[in-house]
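Here is a small set of exercises to work through with the model open beside you. Try each task before reading its solution.

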Amino acid sequence: MTARTTSTPPPVLVQGADVLGQGVQDVLVADGRVAALGADATAQAPRGTQRMHGDGLVLLPGLVDLHTHLREPGREDAETVETGSRAAAAGGFTAVLAMANTDPVTDNAEVAERVHDLGRRAGYVDVHPVGAVSKGLAGEELAEIGLMARSRARVRVFSDDGRCVHDARLMRRALEYVKTFDGVVSQHSQDPRLAGAGACCHEGELSGRLGLPGWPAVAEETVVARDVMLARHTGSRVHVAHVSTAGSVEVIRWAKARGIDVTAEVTPHHLMLTEDLLAGYDPVYKVNPPLRPTEDAEALREALADGTIDVVATDHAPHVRQDKEHAFVDAAFGMLGLETALPVVSTVMVRSGRMGWADVARVMSTSPARIARLGTQGQGVVVGAPANLTLVDPTREHTVDAALSQSLSRNNPWHGRELVGAVHLTMLRGRVTAREGLVWGADEEELEL
Amino acid sequence: MKHLLSIADLSREEILSVLDTAVSMHEVQHRDVKKLPTLRGRTIINFFFEDSTRTRSSFEIAGKWLSADTINLTGKGTSVSKGESLRDTVLTIGAMGVDMMVVRHPASGAPAQIADWVGCSVVNAGDGTHEHPSQALLDAYTLRRALGDLEGRHVAIVGDLTHSRVLRSNLLCLQRLGARVTLVAPPTLMPSGIAAWSGADGFATSYDLDEVLPTVDAVMMLRVQRERMSGGYFPTAKEYAVTYGLTPRRLGLLQDHAVICHPGPMNRGLEISADAADAARSLVLDQVSAGVAVRMSILYHLLAGEGSQE
């Protein structure tokens, strides 16, 4: 491990920040933990404590991303654990779940430990590998789920993301199997018969006009419906990845009302971007599941606000330029998300008055950490908790510039958009990992407070 | 007009201008010496990423009769496997200093993407299941010669509409010219979102060909690929022919003046019977003949000087 993760950072007193948007409180961080709050924080600050001015800023628990693609091993030209970790830190994250669709696939303990160790070496965020549900993501036989769970990487989230576990029997077995260690199956809900490999545009009037293969909402909804019934039958936990349709929201709401153990995530892009962007065939907007009509985006925003959807997860999917510069149907699926997630949620959910910052803390930190069973993340700003913290400037207006990114890739659909709210600073166990988009070690040796 | 990517980009006036120029171009076709000097010194690449016989040869002849240097290139639909992006491929060709690329591509939208990348004019010669604008223009040309002004005329378009780029361009073109359009197909071969689409654009749809035929001035039969059966779009060729084919019996439902079009290649016995294809009212060969004249007009409008040639 490098020095930046081993030496003890000096105590820090964050002064004047609004904690979770629920009131200004000073926060003392010492020995990697939240040491004291309020008047105690000032009183207990030891000599040599650095002071950080938080006036006008909001303090959140460090963000946790349930759905990230770091591309290593296999596509280190698009992203590495190190560069993806930097992008995460710059975006206010202190932990990410790295999806299993690498090359080789994370379907065994060795690959899981390798990703985990690369994350520790990078040191910007906690990197938790997601294990594959099936060997090689082939959807046929279970991967070594138990060995991954028992490994150094302590895998708890399993997903064939990018592909749907479409075989109902395999899905049932996976749900049963993860119960032994309180794991969860995160499903990419896409019936491959209703939405095949070529499906790349929401099926509807626009796909009809554009002549693009349609990806109908029902291809997601039927799988979500099946899976919640399987979760009920097995008594297991199922997590619905990147929910994109109003119909899926209805099914999830129905299931939760009946006590079924289902959680769900929505991406920032499905909250804000809609299918009309595809009219010019620009592959930067090609993503799976596809951007949906306005009515779906509205249903997703409503469901996030009312708790039907538990989590915002980025589905950060870096791609090298040449993999995007093909005809639309041939181009790679996916878009960057780590550095823009908080500003997008701020703009679309907070500025609009639908959610407060405590809700943001819930959907971007506490709930994802709970779903992934991460003990040291998402604990809130409470005395004794690890000092995984994110300071947000809630009013800063900025225009997204794709060139300014810690990611190796530039497939950024937000380029040129005005967003309100920005990550000011990120702290992992008391150490500043990023400030104003710059990360420690890469941009500056020591970030000033 | 710099590019011809979609009929949606053309006004009614621009369409009529292309069709009017095509009339004089058509006359060239009947001369002994067919060459006009109009595009001398201009270079046109016919870049076909998908097999085509009639469209490619028709563009090639059109270019040659206008004295342009035309070069045919074929490519695989996608070079993803080679690691070269579509952008790289077309920029390489564009860098040679060509004036126009005529692009056929199996992927919808590819010509529009290419037009964003290269500096030269781009003509969409058929992109996936999106559009085939030059086909729609030559269909309109042919129909106008047979029927006169298309304002208020009723045209039925019948067949595999989901997968048809000819449909999408013709729908736009016919509506721009004032025709009333009815689409006829089984529900499985109707494009996605057709209810909202037809409502927004003001055309009709029907599942019943017999009901529609007696009121049309023209019926445009589109090719139905037998492969669609395996996709479950319809049960058998026989059932399709009986339900949606232009059979000898259905010829009797047409008004006396009504004409028949087919962009080809035809599946005789499936969507169109031999009686219909070879009937006096069939315009199938006229369409092919008009193809060169209309494409000459398109090249002329895009390359000879600036803007539309009013």
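**Exercise 1. Place Val216(B) in its surroundings.**

Val216(B) is buried, with 24 other C-beta atoms within 10 Å. Here buried means 20 or more other C-beta atoms within 10 Å of a residue's own, exposed means 12 or fewer, and partly exposed lies in between, with C-beta atoms placed from the backbone. Before going on, a word about the source: this is a predicted model, in which local features need pLDDT of at least 70 and side-chain atom pairs count only at pLDDT 80 or more, while totals for chains, interfaces and linings use all residues. Residues are numbered from 1 along each chain as its sequence is written, and chains are lettered from A and ligands numbered from 1 in the order in which they are written.

Next, find the segment: Val216(B) sits in the loop between α8 (209–212) and β8 (218–221) of chain B. Helices (H or I, at least four residues) and strands (E, at least two) are DSSP runs, numbered from the N terminus. Then list the partners: leaving out residues up to four places away in sequence, Val216(B) touches His154(B), Val155(B), Ala156(B) and Ala258(B). A contact requires C-beta atoms, placed from the backbone, within 7 Å. Finally, Val259(B) is 43 residues away from Val216(B) in sequence, with 8.7 Å between their C-alpha atoms.

**Exercise 2. Check the length of helix α2 of chain B and describe its packing.**

Step one is the span. The expected value is 1.5 Å times one less than the number of residues. For the 12 residues of α2(B) (residues 54–65) this gives 16 Å, and the end C-alpha atoms are 16 Å apart, so the two agree.

Step two is burial: the buried residues of α2(B) are Thr55(B), Arg56(B), Ser58(B), Phe59(B), Ala62(B), Gly63(B) and Trp65(B). Their packing partners in chain B include α1 (12–28), β1 (43–48) and α12 (284–303).

Step three looks past the end of the helix, where Ser67(B) takes a positive phi of about 70° just after α2(B).

**Exercise 3. Explore the largest nonpolar core.**

Start with the general expectation: in soluble globular proteins, nonpolar side chains tend to be buried together. A nonpolar core is a set of buried Ala, Val, Leu, Ile, Met, Phe, Trp, Tyr and Cys residues joined through C-beta atoms within 7 Å. The largest one has 244 residues, and those with the most contacts inside it are Leu59(A), Met101(B), Leu137(B), Val158(B), Val219(B) and Leu299(B). The element that gives the most to this core is α12(B), with 10 residues.

Now zoom in on Leu137(B). Apart from neighbours within four places in sequence, Leu137(B) is in contact with Ile15(B), Val18(B), Leu19(B), Cys173(B), Val294(B) and Ile298(B).

**Exercise 4. Describe where the two chains meet.**

Count first: 20 residues of chain A are in contact with 24 residues of chain B. On the chain A side, helix α7 (residues 205–210) supplies the largest share, six residues. That side divides into seven nonpolar, eight polar and five charged residues. In this scheme Ala, Val, Leu, Ile, Met, Phe, Trp, Tyr, Cys and Pro are nonpolar, Asp, Glu, Lys and Arg are charged, and the others, Gly among them, are polar.

**Exercise 5. Trace the open five-stranded sheet of chain A.**

Write down the order: β10-β11-β14-β15-β16 of chain A, with parallel pairing. Strands pair if DSSP finds at least two bridges between them. Now look at the edges: β10 (157–158) and β16 (311–312) of chain A each have a single partner strand, so one side of each is left without a neighbour in the sheet. Two bridges join β10(A) to β11 (residues 184–187) of chain A, and Phe158(A) has Val185(A) as its bridge partner in β11(A).

**Exercise 6. Compare two positive phi values in chain A.**

Take Asp182(A), where phi is near 60° in a residue other than glycine. Asp182(A) lies in the loop between α6 (168–177) and β11 of chain A, and counts as exposed with 11 C-beta neighbours inside 10 Å.

Turn to His242(A), also not a glycine, with a positive phi of about 25°. His242(A) belongs to the loop between β14 (238–240) and α9 (246–257) of chain A, and is buried, with 26 other C-beta atoms within 10 Å.

Conventions
Two residues are in contact if their C-beta atoms, placed from the backbone, lie within 7 Å.
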